[in-house]
Structures are given as structure tokens and as C-alpha cells.
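Let's take a walk through this protein, going from the overall layout to a cluster of charged side chains. Have the model open and turn it as you read.

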Amino acid sequence: PIHLSGVCVCMWATSLLVALAARHTTACTTLIVGKDASVDGSVMATHSDDGESNPDARVVYVPAMDHAPGATRPIYYDTEDFPRFVGDRGVEAYLQKNNPGFNASVPIGHIPQVEHTFGYFEATYGILNEHQVGIGESTCSSVFGAQARGHGGHALFSVDSLSRIALER
């Protein structure tokens with residue numbers, strides 16, 4: 001026979017409830033720990049992505065880039081599905097040859113480009129740039145509360161695009 005202490009049973013039951021609840025929960029969560037709340041003074045941030053359909057969970061580094069005067073930055077429709085982007089943005093994972101069976105992403109609009117963009121990590125959203133500026137969000141299903149250009153509406157930006165633009169600038 002197996003004998004479990006009360007603490008062990010309580011921990012097991014809590015773990016089971018959390019696991020069962022997670023199956024039915026679709027919500028992004030962002031947690032921040034400030035320097036006064038951590039044992040060693042570290043600042044920590046985390047973000048979970050609820051991944052509502054076929055999410056693109058790849059974490060990639062978009063390198064810093066220099067741009068010609070008068071250049072424009074394309075804005076893409078982002079459904080958060082795999083693949084989130086297909087084309088050349090300086091990221092090997094996004095190249096057409098690495099996404100067989102998917103069409104190249106087509107811009108829904110453009111904005112003026114800055115002379116230099118910072119490198120940053122991204123997944124479904126922009127995460128952290130080379131200057132340690134990080135972004136977390138919890139919009140869940142409101143990625144495009146308005147309809148995007150070319151998709152029945154006039155919206156140019158979603159939270160996905162805005163987080164990337166903020167980190168690169």
C-alpha cells in the first residue's frame with residue numbers, strides 16, 4: 001500500500017485541479033517580478049500565449065538593421081497562426097524555403113521606416129529587444145478587434161505588429 005502525507009495529497013490535488021483547469025482556460029497571462037520581490041534582485045518577466053488555433057510558437061531573433069532614407073516598413077496581417085510570416089526579414093526560419101506549402105506574406109500597408117531598427121526576439125508577439133526592453137500583453141481574442149485592411153476593414157495594426165514595431169524602434 002502507498003501512504004501519502006496530507007501535504008503530498010494536497011499538492012497532488014492542487015496539481016490535478018490546475019491541470020484540469022488549464023484544459024479549459026484560454027487566456028494569456030503576464031507575470032512581472034520586480035527587483036525588490038526576488039531573492040537576488042533580479043527582474044523577471046514571463047508571458048504565456050493561449051494559442052487559440054494553430055499558433056506559431058517559434059521564438060526567433062530579428063536582427064538589427066539599417067534602412068535607406070525614405071524607406072517604408074511593411075505591415076502584415078497577422079492571424080497568429082503558423083507560419084506568422086513567410087518572407088525575408090533577416091530570419092532564416094521565415095524564408096520561403098523553410099515554409100514549404102505556404103505563400104509569401106503580403107503587406108496590408110506601410111509606415112515610414114526609421115534609419116536603424118534594434119534587434120529583438122519575437123514569438124507570437126514581440127518579446128525583448130537588444131536594450132532589454134520587453135513587452136508582455138494579454139489581449140487574447142482581441143488581436144484584431146476591428147477588421148484588417150484587405151480582410152473586410154480598415155485597421156492597419158494588431159497587437160502583434162505594434163509589439164514588434166515598439167521593440168525595433
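A quick definition before we start: a polar contact here is a pair of N or O atoms within 3.5 Å, where one must be able to donate a hydrogen and the other to accept it. Keep in mind too that this is a predicted model.

With that in hand, look at arginine 164. It sits in helix α2, which covers residues 159-168. A polar atom of the arginine 164 side chain lies 2.8 Å from the backbone oxygen of threonine 124. Is arginine 164 buried or exposed? With a relative accessible area of 5%, arginine 164 is buried, because the cut-off for that label is under 20%. Setting aside neighbours within four places in sequence, its contacts include Asp78, Arg84, Arg89, Glu122 and Thr124.

Now zoom out. The protein has two helices and nine strands, and from the N terminus the order is α-β-β-β-β-β-β-β-β-β-α. Of the contacts with a separation of 6 or more, 68% are between residues 24 or more positions apart. Buried residues account for 29% of the 169 residues.

Some of the buried residues gather into nonpolar cores. The largest one has eight residues: Val60, Val62, Tyr76, Phe85, Val91, Tyr94, Tyr120 and Leu167. There's also a second, separate core of six residues, with Ile75, Ala148, Leu156 and Ile165 among them. Back in the largest core, pick out valine 62: leaving aside neighbours within four places, it touches Arg89, Val91, Phe118, Gly119, Tyr120 and Glu122.

On to the charges. Side chains of opposite charge can pair when their charged atoms come close. The count of salt bridges here is ten. Start at aspartate 56, which is buried at 0% relative accessibility. Arginine 58 bridges to aspartate 56 with the closest N and O atoms 2.7 Å apart, and arginine 84 does so at 3.3 Å. That second pair links distant parts of the chain: arginine 84 is in the loop between β5 and β6, aspartate 56 in the loop between β2 and β3, 28 residues apart.

Arginine 84 is itself buried, at 6% relative accessible area, and also forms a salt bridge with glutamate 122, at 3.6 Å between the closest N and O atoms. Glutamate 122 lies in strand β8, so this pair ties together parts 38 residues apart in sequence. Glutamate 122 is buried as well, at 0% relative accessibility.

Which residues do the shared partners join into one network? They are Asp56, Arg58, Asp78, Arg84, Arg89, Glu122 and Arg164, which brings us back to the arginine in helix α2.

Note on methods: Residues are numbered from 1 along each chain as its sequence is written. This is a predicted model: local features need pLDDT of at least 70, side-chain atom pairs count only at pLDDT 80 or more; totals for chains, interfaces and linings use all residues. Side-chain values use heavy atoms; hydrogens and water are left out. Helices (H or I, at least four residues) and strands (E, at least two) are DSSP runs, numbered from the N terminus. Buried means under 20% relative accessible area, exposed over 50%, partly exposed in between (1.4 Å probe, protein chains only). Contact means heavy atoms within 4.5 Å. A nonpolar core is a set of buried Ala, Val, Leu, Ile, Met, Phe, Trp, Tyr and Cys residues joined through side-chain atoms within 4.5 Å. A salt bridge is a side-chain nitrogen of Lys or Arg within 4 Å of a carboxyl oxygen of Asp or Glu.
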